[in-house]
Amino acid sequence: NGKAVRELLPVVVDWQRKVMSFLGRLPDKVIAGIVAVSGKTVSALRRKHGIAKFTKEAMLEEVWDANHA
């Protein structure tokens, strides 16, 4: 029913907002496990925002850049 959907909407928006800084920085499946949604759901959110998927190479580059800036 409509009331149930309205009550769940803040929960959905809340987890999405909370994971934004981790998208592309951790594997989608890891994020999904933490927020109890499917990996496909996290992947879709990441792609919606144009964020590349996590790779070990990108993570190492980010760490290198942070330590050599």
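1. How many residues apart in helix H1 are Asp14 and Lys18, and about how many helical turns separate them? In this predicted model, the two residues lie 4 residues apart in helix H1, which spans residues 2–19, and so about one helical turn separates them. They form a salt bridge, with the closest N and O atoms 3.1 Å apart. Asp14 is partly exposed, at 25% relative accessibility, whereas Lys18 is exposed, with a relative accessible area of 53%.

2. The overall architecture may be stated briefly. The protein chain contains 4 helices and 0 strands, and the pattern along the sequence is α-α-α-α. The chain has 69 residues, of which 17% count as buried. About 5,400 Å² of the protein chain is exposed, and carbon and sulfur atoms supply 63% of that area. When contacts between residues at least 6 apart in sequence are considered, 46% of them join residues at least 24 apart.

3. The next points concern charged pairs. Side chains of opposite charge can pair when their charged atoms come close. A search of the whole structure gives 4 salt bridges. One of them joins Glu62 to Arg25, and the closest N and O atoms of this pair are 2.2 Å apart. This pair links distant parts of the chain, since Glu62 belongs to helix H4 (residues 56–67) and Arg25 to the loop between H1 and helix H2, with their positions 37 residues apart in sequence. Both partners are partly exposed: Glu62 has a relative accessible area of 36%, and Arg25 has 44% relative accessibility.

4. A further salt bridge connects Arg46 with Asp28, with 2.9 Å between the closest N and O atoms. Here too the pair links distant parts of the chain: Arg46 is in helix H3 (residues 39–48) and Asp28 is in helix H2, 18 residues apart. Are these two partners buried or exposed? Arg46 is buried, with a relative accessible area of 7%, and Asp28 is buried as well, at 11%. Elsewhere, salt bridges that share partners join Asp14, Arg17 and Lys18 into one network.

5. Helix H2 deserves separate attention. Which residues of H2 are buried? They are Asp28, Ile31 and Ala32. Viewed down the axis of H2, the buried residues fall within an arc of 100°, and therefore they line one face of the helix. The face turned away from this buried side carries the exposed residues Lys29, Gly33 and Ile34. Asp28 thus has two roles in this description, as a buried residue of H2 and as the salt-bridge partner of Arg46.

6. The interior is considered next. In soluble globular proteins, nonpolar side chains tend to be buried together. In this model, the largest nonpolar core has 7 residues: Trp15, Val19, Leu23, Ile31, Ala32, Val42 and Leu45. The elements giving two or more residues to this core are H1, H2 and H3. Two of its members, Ile31 and Ala32, are also among the buried residues of H2.

7. Val42 illustrates the contacts of one core residue. Leaving aside residues up to four places away in sequence, Val42 touches Trp15, Leu23, Asp28, Ile31, Ala32 and Val37. The list of contacts includes Asp28, which is the salt-bridge partner of Arg46.

8. The segment that follows H2 has a notable backbone angle. Just after H2, Ala36 takes a positive phi of about 60°, and this positive value occurs in a residue other than glycine. Ala36 lies in the loop between H2 and H3. Is Ala36 buried or exposed? Ala36 is exposed, with a relative accessible area of 69%.

9. Finally, the surface includes a nonpolar patch. Met59, Leu60 and Val63 make this patch, with an area of about 270 Å². Val63 is found in helix H4, the helix that also holds Glu62. At 43% relative accessibility, Val63 counts as partly exposed.

Methods:
Residues numbered from 1 in each chain as written. Predicted model: local features only at pLDDT ≥ 70, side-chain atom pairs only at ≥ 80, totals over all residues. Heavy atoms only, no water. Buried < 20%, exposed > 50% of the residue type's maximum accessible area, 1.4 Å probe, protein only. Contact = heavy atoms within 4.5 Å. Areas by Shrake-Rupley, 256 points an atom, 1.4 Å probe, with all protein chains shown as cover. Salt bridge = Lys/Arg side-chain N within 4 Å of Asp/Glu carboxyl O. Patch = residues over 30% accessible without salt bridge, like charges linked within 9 Å, V, L, I, M, F, W, Y side chains within 5 Å. Arc of directions from axis to C-beta. Core = buried A, V, L, I, M, F, W, Y, C linked by side-chain atoms within 4.5 Å.
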